[in-house]
Amino acid sequence: MDKRLPFWLRRAMYNLRGGFLLRPLIIALTLGFAGALLTWLEETFPALGQLVPAGLFPSHSDPQVAQVILSGIASSIMTVVSIVFAILLMTLTLASMQFSPRIIVSFAKDRVTQWTLGVFLGTFCYCMAALPAARSLPHPYSPVFAVCGAMLLALCCVAWLLYFIHHISQAISVSHIVDRIASETEGIINDVMPQPRENQTTLEAPPRELETWDIPLLSESSGYIRFVDTRRLVALAKHHHVKIRAVRRVGQFVPAGTPLVLVYKASRLPSDSAAEILGAFDLGPSRTLQQDVEFGVLQIVDIGLKAISPAVNDPTTAVSCVDQLSRILIRFASRELPSAILYDPPGVPRVMIPWIGFEGLLKSAFEQIRLYAKADVAVSLRLLRALGDVAWTTSEPEFRRALCDEGNRIVEGCAEKLGDQEMQPMRTRLAELEKLI
């Protein structure tokens, strides 16, 4: 999503894009307008109707034929729309129960589903827009060109329905779901962390006035921090000659009445500026993938945990989740973290924003799976291999030490549940991981 969009427009576009409203509505209105436009053009230029072969539409002057065709297509399409909605609701229910309720968001953002609803509803709008033109009084008129367009749309709907059923059968497979979440998470990493990681990173020292962050601005509503407009915060801090520090990072919950930001020299702020600063934070009832990399990781972790639960006992799915988590960690480790301190002008710190680091994301990805997979050899071995894969792709000693520590915890936990024969391959993989330090 374009970062140059205003904050409120970006938030509205993200919310609309993630549901069944914006794209289907645009498609339906476009096709409805096309139906009205074609009938108007055909009445204005009667030669368009003569382009339709007589074998395809023998009676060019009988409006009842056009009325029957248009009304039949419209009623049939609405029946198909109800079937599509039933299939979609069944898919959402199955995915929520089988995998995780958090993945419903990714299903709602699926473009094939949105296009399916849009095309079917658009065909209905097209027929309803063209139907009034087929009239018997005062002069019989049949919009044959527009009717042929409706027949063509009906054939497209039949083909699209077959494709939609094929797509849904693939979309509910766990491999497809996990891969899609991982791809979306990688896209967020590319957006939030566009710069490749340098070999030597310089740690930013906090401002000397850190001890004086004593003026809190309290959150007016409860919710998860979904997006932070850093450019707006910097502009406000510069305009009022203050410094702003966010108390919590993206993805964390902020109850109403608790500090959201701390302001240095807040006495300089006018009475209405506090609301402007708080307005730079988008809070909502659920986490989103606007800037929250950890949320994508947690969705995959939820699927993996449910897979290795005693009720499901599906270690293969958990192994697939671990593979995708390693893919995300490799991408994250290769990118430079967003700057925690924003300056304007250079040398003058204005805003401090906390971001999740590599160790925090590593813990979110593997810690819960490690605890619940102590007695599962396949999942624990794949965890160790994933740690080794991530370690091979990064040259940061700090990252490799964190990976090695996580590997030690995996082996120590499995030693409580497994015998020496099962532990031997784990110790071998741990030794290979330790060599990289």
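In these exercises, a residue is buried when its relative accessible area is under 20%, exposed when over 50%, and partly exposed in between (1.4 Å probe, protein chains only). The model is predicted: local features need pLDDT of at least 70, and side-chain atom pairs count only at pLDDT 80 or more, whereas totals for chains, interfaces and linings use all residues. Residues are numbered from 1 along each chain as its sequence is written, and side-chain values use heavy atoms, with hydrogens and water left out.

**Exercise 1. Describe the protein chain as a whole.**

Step 1. The secondary structure comprises 16 helices and eight strands. Helices (H or I, at least four residues) and strands (E, at least two) are DSSP runs, numbered from the N terminus.

Step 2. Of the 437 residues in the protein chain, 46% are buried.

Step 3. A contact means heavy atoms within 4.5 Å. Among the contacts in the protein chain with a separation of 6 or more, 79% are between residues 24 or more positions apart.

**Exercise 2. Determine the order of the strands in the open sheet that contains S2, and state which strands stand at its edges.**

Step 1. Two strands pair if DSSP finds at least two bridges between them. Three strands form this open sheet in the order S4-S2-S6, with antiparallel pairing.

Step 2. Strand S4 (253-254) and strand S6 (281-284) each have a single partner strand, so they stand at the edges and one side of each lacks a neighbour in the sheet.

Step 3. Four bridges join strand S2 (residues 223-228) to S6 in the antiparallel sense. Isoleucine 225 lies opposite leucine 283 in S6, and tyrosine 224 lies opposite glycine 284 in S6.

Step 4. In a regular strand the side chains alternate between the two faces of the sheet. On S6, Phe281 and Leu283 point one way, Asp282 and Gly284 the other way, and all are buried.

**Exercise 3. Identify the partners of strand S8 and describe the hairpin to which S8 belongs.**

Step 1. Strand S8 (residues 349-352) pairs with strand S3 (residues 243-246) in the parallel sense over two bridges. Here isoleucine 244 has valine 351 as its bridge partner.

Step 2. Strand S7 (residues 341-343) runs antiparallel to S8 and is joined to S8 by three bridges. Leucine 342 stands opposite valine 351.

Step 3. S7 and S8 form a hairpin with five residues between them, and glycine 347 in the turn has a positive phi of about 95°.

**Exercise 4. Locate three salt bridges and classify the accessibility of their residues.**

Step 1. A salt bridge is a side-chain nitrogen of Lys or Arg within 4 Å of a carboxyl oxygen of Asp or Glu. The whole structure holds 14 salt bridges.

Step 2. Arginine 327 and aspartate 179 meet at 2.9 Å, N to O. This pair links helix H12 (residues 315-333) with helix H8 (residues 174-192), 148 residues apart. Arginine 327 is partly exposed at 24% relative accessibility, as is aspartate 179 at 32%. Asp179, Glu186, Arg327 and Arg331 are linked in a network of salt bridges.

Step 3. Lysine 238 and aspartate 344 meet at 3.5 Å, N to O. Lysine 238 lies in helix H9 (residues 230-240), and aspartate 344 in the loop between S7 and S8. Lysine 238 is partly exposed at 37%, and aspartate 344 is partly exposed at 25%.

Step 4. Glutamate 406 forms a salt bridge with arginine 370, with the closest N and O atoms 3.6 Å apart. Glutamate 406 is buried at 1% relative accessibility, and arginine 370 is buried at 10%.
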